[in-house]
Amino acid sequence: MKSLLLALLATAAAVPATAQTAAPVSSATAAAPRTPPKLIVAISVDQFSADLFAQYRNHFTDGMARLLTGAVFPSGYQSHAATETCPGHSTILTGMRPAHTGIIANNWLDQKVGRADKTVYCAEDERAGDDHEHYTPSDLHLKVPTLGDMMKRADPRSRVVAVAGKDRAAIMMGGHTTDQVWFWGGQKFISLAGRQEPAVVTRANAAVGALLAQPQEALPLPGYCKTLSRPIAVGGQTLGTGRFERAAGDAKAFRASPALDGAVFALAAAMIEDMKLGHGPATDLIAVGASATDYVGHSLGTQGSEMCIQMAQLDESIGGFLAELDRTGIDYEVVLTADHGAHDMTERQQQRAMPMEQHVAPETSATTIGAAIGRDLGVAGPVLLGPEGDVYVAESVPAAKRAQVLAEAKKRFLAQPQVAAAFTRDELAATRMATTPPETWTLIERARASFDPERSGDLTVLLRPRVTTIKAPGPGYVETHGSPWDYDRRVPILFWRKGMAGFEQPLSVETVDIAPTLAATIGLPVSGLDGRCLDLDAGAGDTCPAG
């Protein structure tokens with residue numbers, strides 16, 4: 001998608017074509033950085049698991065290959081249990097786990113909210129009176145500042161921009177005081193209520209709209225992808241050999257393709273050019289959320305031709321984006337990570353040496369178990385409510401019965417063969433936050449890192465390994481994530497800056513370590529965070545503050 005990015009960029013920012021041929025700067029030949037970078041670039045690749053990174057790292061030849069010459073942490077952790085998009089993005093630039101960001105899931109229940117289904121989306125303002133399907137995007141629920149917020153508090157001249165394929169990615173990384181925040185709205189890039197669309201976004205939307213209106217021919221299949229291109233029947237469709245052919249105007253297919261990332265990186269580059277980010281008196285920050293990998297994973301799986309092509313195209317898009325940054329002459333620092341991991345669809349896993357892979361059984365649902373409890377205890381329903389993981393005792397349950405209902409719920413969930421653990425809110429509240437390496441955490445410690453007493457359920461239920469929350473796969477939804485297991489928790493973390501000496505540290509770190517690490521590179525004091533500063537000096541020096 002490098003060619004797509006450059007074509008869109010030329011339209012969106014009116015960059016001269018002759019300026020688009022700058023070669024990437026080699027970190028091996030550049031002078032070592034001695035001053036704070038002028039621009040921080042934080043990239044999140046949605047659903048880019050440590051396993052995908054390991055599978056494809058030897059095939060990267062462009063942008064990802066450049067980042068591999070920096071500081072490489074292949075075992076980063078989204079250490080909490082609720083490994084979903086919104087909680088994961090809330091950790092990346094806040095330095096805080098979901099227990100403190102307040103972003104416990106993509107959706108949770110608030111039985112006091114004035115809507116029928118009582119569901120609240122993490123990045124909405126439910127006070128606007130919309131329903132859950134037609135919400136008003138907002139940063140309302142994020143309880144802590146992001147790095148961008150902290151930078152602007154220290155120096156209001158810092159500018160903060162967020163661009164992403166999802167609203168929750170842009171909002172959770174951008175924070176409360178973004179100068180610009182734009183995300184894909186289904187047909188074009190949109191923003192928060194009341195934000196004026198700058199000319200650069202108008203041009204970008206026109207360019208992407210023209211692209212969307214045209215059919216997409218099959219994308220090239222790299223040679224190393226050929227062994228993965230095998231058909232598999234799942235959910236009434238045949239997957240595994242696709243190459244992202246798309247009919248004109250098919251916005252859903254556009255979203256689940258490398259073209260979405262190309263558009264996001266093009267808009268990000270155009271915003272940098274248009275706003276002259278990195279050229280002001282204070283360090284600026286841009287957060288970029290590349291969301292297509294998640295859409296591809298959910299709808300097509302992780303081990304077919306589709307994901308292989310997506311990885312190759314992502315590498316090209318990042319390469320084109322970094323080449324544009326080189327062209328500007330900005331001294332910039334990059335970090336790349338992910339909001340969570342994932343693993344492949346159940347049906348293909350079962351064919352490939354994992355016969356224990358299962359879809360979750362209907363018997364494990366809060367509705368089913370709650371109905372049984374209601375019959376046995378004589379409590380009118382509904383008794384239990386809840387999306388995946390968080391189970392709430394219905395407010396209609398009499399106070400005298402609530403403790404008995406909760407105890408019975410825990411017992412019945414634990415009796416389910418697919419359930420690994422169930423913790424009450426009292427048990428989680430009494431658990432101290434873990435301080436050991438994340439791979440050593442117990443299940444209750446992982447759940448504790450996602451627990452917010454104001455929003456979490458009365459009972460947190462964790463499924464056993466290799467049990468997916470998908471009850472029945474279908475078009476657009478054959479694979480998912482959200483478990484407390486390491487295939488969903490582990491993500492890569494890569495830092496790169498021109499002139500830095502690269503190294504690789506295979507031991508575990510956390511995504512909450514990113515914000516204090518970046519803060520240290522610009523001399524911004526931070527304290528009270530869940531994360532720690534990572535020393536990015538490969539030798540005896542130390543990039544973290546003393547003490």
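Student: Let us begin with a strand pairing: which residue in S19 stands opposite Ala-71?

Tutor: In this predicted model, the residue of S19 that stands opposite Ala-71 is Phe-503. The two strands concerned, S2 and S19 (residues 503-504), pair in the parallel sense over two bridges.

Student: With which further strands does S2 pair, and in what sense?

Tutor: As a general idea, side chains in a regular strand alternate between the two faces of the sheet. In the present case, S2 pairs with S18 (residues 490-497) in the antiparallel sense, over five bridges. Within that pairing, Val-72 has Leu-494 as its bridge partner. S2 also pairs with S20 (residues 509-510), here in the parallel sense and over two bridges. Val-509 in S20 is the residue that stands opposite Gly-76.

Student: Is strand S2 enclosed or open to its surroundings?

Tutor: Strand S2 covers residues 71-77, and seven of its seven residues are buried, so the strand is largely enclosed by the rest of the structure.

Student: How should I read the order of strands in an open sheet, and which strands form its edges?

Tutor: One follows the pairings from neighbour to neighbour. One open sheet here consists of four strands in the order S13-S14-S16-S15, with antiparallel pairing. Its edge strands are S13 (384-385) and S15 (419-424), each of which pairs on one side only. At the S13 edge, the partner is S14 (residues 390-393), joined in the antiparallel sense over two bridges. Leu-385 and Tyr-392 of S14 stand opposite one another in this pairing.

Student: Turning to helices, what span does H10 reach, and how does that agree with expectation?

Tutor: The general point first: an α-helix has 3.6 residues a turn, so residues three or four places apart point the same way. Helix H10 comprises 18 residues, 258-275. From its first C-alpha to its last it reaches 26 Å, which is close to the 26 Å expected at 1.5 Å a residue.

Student: How many residues of H10 are buried, and which residue follows the helix?

Tutor: H10 is mostly covered, with 16 of its 18 residues buried. The residue that follows H10 is Lys-276, and its phi is positive, near 55 degrees.

Student: How many disulfides does the structure hold, and what pattern do they follow?

Tutor: A disulfide is a covalent bond between the sulfur atoms of two cysteines. The structure holds three of them. Counting the bonded cysteines along the chain, the pattern is 1-2, 3-4, 5-6.

Student: What is the handedness of the link between Cys-86 and Cys-122, and which parts does the pair tie together?

Tutor: Cys-86 and Cys-122 are joined with an S to S distance of 2.1 Å. The angle about the S-S bond is 100 degrees, and the link is right-handed. Cys-86 lies in helix H4 (residues 85-92), whereas Cys-122 lies in the loop between strand S4 (119-121) and helix H6 (147-154), so the pair ties together parts that are 36 residues apart in sequence. Both Cys-86 and Cys-122 are buried.

Student: Why is the disulfide of Cys-225 and Cys-308 assigned its handedness?

Tutor: The sulfur atoms of Cys-225 and Cys-308 are 2.0 Å apart. The torsion about their S-S bond is about -85 degrees, so this disulfide is left-handed. The pair links distant parts of the chain, 83 residues apart: Cys-225 is in the loop between helix H8 (199-212) and strand S8 (232-234), and Cys-308 is in helix H12 (residues 305-328). Cys-225 and Cys-308 are both buried.

Student: Where does the link of Cys-533 and Cys-544 lie?

Tutor: Cys-533 is joined to Cys-544 with an S to S distance of 2.1 Å. With -90 degrees about the S-S bond, this link is left-handed. Cys-533 and Cys-544 are 11 residues apart, each in the segment after helix H19 (514-521). Cys-533 is buried, as is Cys-544.

Student: Finally, what do the global values say about the chain as a whole?

Tutor: The protein chain has 19 helices and 20 strands. For 547 residues, a compact globule would have a radius of gyration near 24 Å, and the chain has 23 Å, so the value agrees with that expectation. Along the principal axes, the C-alpha atoms fill a box of roughly 75 × 55 × 45 Å. Of the 547 residues, 61% count as buried. Among contacts with a separation of 6 or more, 72% come from residues 24 or more positions apart. The accessible surface comes to about 20500 Å², and carbon and sulfur atoms account for 53% of it.

Terms used: Residues numbered from 1 in each chain as written. Predicted model: local features only at pLDDT ≥ 70, side-chain atom pairs only at ≥ 80, totals over all residues. Heavy atoms only, no water. Expected span 1.5 Å × (residues − 1). Buried < 20%, exposed > 50% of the residue type's maximum accessible area, 1.4 Å probe, protein only. Disulfide = S-S within 2.5 Å. Rg over C-alpha atoms; globule rule 2.2 N^0.38 Å. Contact = heavy atoms within 4.5 Å. Areas by Shrake-Rupley, 256 points an atom, 1.4 Å probe, with all protein chains shown as cover. Pairing = 2+ DSSP bridges.
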